[in-house]
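Visitor: I should like to learn how to read the features of this model. May we go through them one at a time?

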Amino acid sequence: MRKTIHLVSMTIEEKVIKSCSTIVAAFFPVNRVEIGLSQQRLADNQSAKGDLILRIEKIKVSDISNVFELSFDNEGQVISQQFATKIETLKNQFPLPGKEPSAQIMVKKTVFMFLAGLTGQKNPWGILNGMRPGKLITKMEELGYDNKIQEDILDHYYLVSSEKIKLLQRINTVQKPYREIKEKAKQVAVYLAIPFCPSRCSYCSFPSNPLSAKNKELIPLYLQALEQEIKLTAELMAENGLKADSIYVGGGTPTVLDVKELEELLRTICDRLPRKQEAEFTVEAGRPDTLDLSKLKLLKQYGVNRLSINPQSMQEKTLDRIGRTHGISELIDCYYMARDLSDWTINMDLIIGLPGEGFAEIIDSINKVLELIPDNLTVHAMALKRGSAVWEESYVHNSHYDWAEIEHEIEDRILSAGYYPYYLYRQKNIVGNLENIGYTLPGKVCRYNVATIEEIQNVIGLGAGAASKLPKRNYGHENIYNPQDLKNYLERFREVHAKRKRVLEGAVGIS
Ligand code: SF4
């Protein structure tokens, strides 16, 4: 049964308690986590029927250590434990890299240790629950910390496993030559969204619209609006001396457009958007049932130099189960057709944790994709909205597997095939508490992925649901979002463009 865990404290600030909720959720993925409980019930020390209470209290504060008492009340069965956290000197010599106050880190660490003991689970990311754990390593490098200090801080304060620390350091080393992206303020990454797909995959969390009769009617209107947005943006970029370092057409599945629509879009992008001569130009051709030779030729003709063909799984049964309308042989044919046509970089995505798949199916899919030798291979761990019907079903299925073991096996096979990891990010409610990793063959790193995942470049996002990240006048960045809903987008894209223009023209150091 899905219960609620109430996180309560009478001695610790609510915002600090709130910061612990993702840690609790990682240990109890099937439960809801809420902050607080009514004063009366707290005073009575009673949980609601079927609910659980995790209480955290600071019981002693001194110059040397703080003592916390944690108790877990499972309908009257209470387990409690005390933890003394020493006032550390490491942070005085080496300030912590994140923005989080160390007092909050101490409380989170205590909660983590208590729950790890209570459940016997190992969560290798410790208390790091942000999307981009690699940013801590980058920050520590900027602070001049060597590998040993980085390891000590990640291990001691954030309880990250040594394996994950090594992974982060390895990715950091691979990304170093690409840090120049950050220095070039006049270069931006441009994203364009085509939020349509032939059908909707059951696990999809993207703003994508299946090709129903109603949505088909909207495509021409959508493309007209997007074209307008591209033209307005092109003028703005030219006025501010900006050039695209990378262009990424994603979605959705952009190749769902017919040849005429696709050509019109590519022509507008190429004729209008200022870009570096050698700019990276990616098109997501996500689903092979939307690709044919004429579309591939068009992509080549307009200078696309990176293509994504995404199987997600190499198991026929899984493709059926998740609502895909193509088979494996179609995918392989499509891959070789693209390979024969151009020397572009080809990426393939796989997802682990799809319904009905365990160790055997996942490893078989990895082997089959490696046989194709794509230049980039992205391995996603499935993330679903907590509490949704698909999530519940998937959670029950996935709780039978040892995801750490599966991940080791995947990593071994991919590394032995000559790939190395070059970017990583995490999501909420991700299967097995894992991460998404982009692997590449030597010399094939995708600049767009490094720039956007590591947040080292300004981004202009066009089309429904796209986000722009632009520098603010004095400090930091502003995120500006286009509406996700198609009709809303058609009505409001000019207004969002005006906002982008205001922010961009007001920014210091870019004009
Ligand atoms: S192809 Fe991708 S964007 Fe389209 S429905 Fe499937 S998961 Fe969503």
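Guide: Let us begin with Leu 159. The general idea is a count of neighbours: a residue is called buried if 20 or more other C-beta atoms lie within 10 Å of its own. Leu 159 has 20 other C-beta atoms within 10 Å, and therefore counts as buried. Please keep in mind that the model is predicted.

Visitor: Where in the chain does Leu 159 lie, and what is its phi?

Guide: Leu 159 belongs to the loop that links α7 (147-156) with α8. Its phi is near 55°, a positive value in a residue that is not glycine.

Visitor: Which phi does Gln 312 have, and is Gln 312 buried or exposed?

Guide: Gln 312 is not a glycine, yet its phi is positive, at about 65°. The residue is found in the loop between β11 (306-308) and α13 (316-321). Gln 312 counts as buried because 23 C-beta neighbours lie inside 10 Å.

Visitor: How should I read the burial of a whole strand, such as β12?

Guide: One applies the count residue by residue. In β12 (residues 345-352), eight of the eight residues are buried, so the strand is largely enclosed by the rest of the structure. Both of its faces are covered: Thr 345, Asn 347, Asp 349 and Ile 351 are buried on one side, and Ile 346, Met 348, Leu 350 and Ile 352 on the other.

Visitor: Which strands pair with β12, and over how many bridges?

Guide: Strand β11 pairs with β12 in the parallel sense over three bridges; there, Leu 307 has Ile 346 as its bridge partner. Strand β13 (residues 376-381) also runs parallel to β12, joined to it by six bridges. Within that pairing, Asn 347 stands opposite Asn 376. The chain passes from β12 through helix α15 (residues 359-372) to β13, a β-α-β crossover that is right-handed.

Visitor: What is there to read around Gly 250 in strand β9?

Guide: Gly 250 lies in β9 (residues 243-251). It is buried because 21 other C-beta atoms lie within 10 Å. Leaving aside residues up to four places away in sequence, Gly 250 touches Tyr 191, Ala 193 and Glu 284. By contrast with these contacts, one may take a pair across space: Gly 250 and Leu 168 are 82 residues apart in sequence and 27 Å apart from C-alpha to C-alpha.

Visitor: What kind of peptide bond joins Gly 251 and Gly 252?

Guide: That bond is cis, with omega about 10°. Gly 252 is placed in the loop between β9 and α11 (259-272).

Visitor: Which residues surround the ligand?

Guide: The shell consists of Cys 197, Arg 200, Cys 201, Cys 204, Phe 206, Ser 208, Gly 251, Gly 252, Thr 253, Gly 286 and Arg 287. By class, these residues divide into four nonpolar, five polar and two charged. Both glycines of the cis bond, Gly 251 and Gly 252, are thus among them.

Visitor: How is the protein chain divided into domains, and how do they meet?

Guide: The chain is divided into domain 1 (4-177) and domain 2 (184-467). Their centres, taken over C-alpha atoms, are 34 Å apart. At the junction, 16 residues of domain 1 are in contact with 14 residues of domain 2. On the side of domain 1 that touches domain 2, α6 (134-142) and α8 (162-175) are the elements that give two or more residues. The largest share, five residues, comes from α8. That side of domain 1 divides into nine nonpolar, four polar and three charged residues.

Note on methods
Residues are numbered from 1 along each chain as its sequence is written. This is a predicted model: local features need pLDDT of at least 70, side-chain atom pairs count only at pLDDT 80 or more; totals for chains, interfaces and linings use all residues. A residue is near a molecule or strand if its C-beta atom, placed from the backbone, lies within 6 Å of it. Ala, Val, Leu, Ile, Met, Phe, Trp, Tyr, Cys and Pro count as nonpolar, Asp, Glu, Lys and Arg as charged, and the others, Gly among them, as polar. Domain bounds come from an automatic or database domain assignment. Two residues are in contact if their C-beta atoms, placed from the backbone, lie within 7 Å. Helices (H or I, at least four residues) and strands (E, at least two) are DSSP runs, numbered from the N terminus. A residue is buried if 20 or more other C-beta atoms lie within 10 Å of its own, exposed if 12 or fewer, and partly exposed in between; C-beta atoms are placed from the backbone. Two strands pair if DSSP finds at least two bridges between them. A crossover is right-handed if, with the strands pointing away from the viewer, the path from the first strand over the helix to the second runs clockwise.
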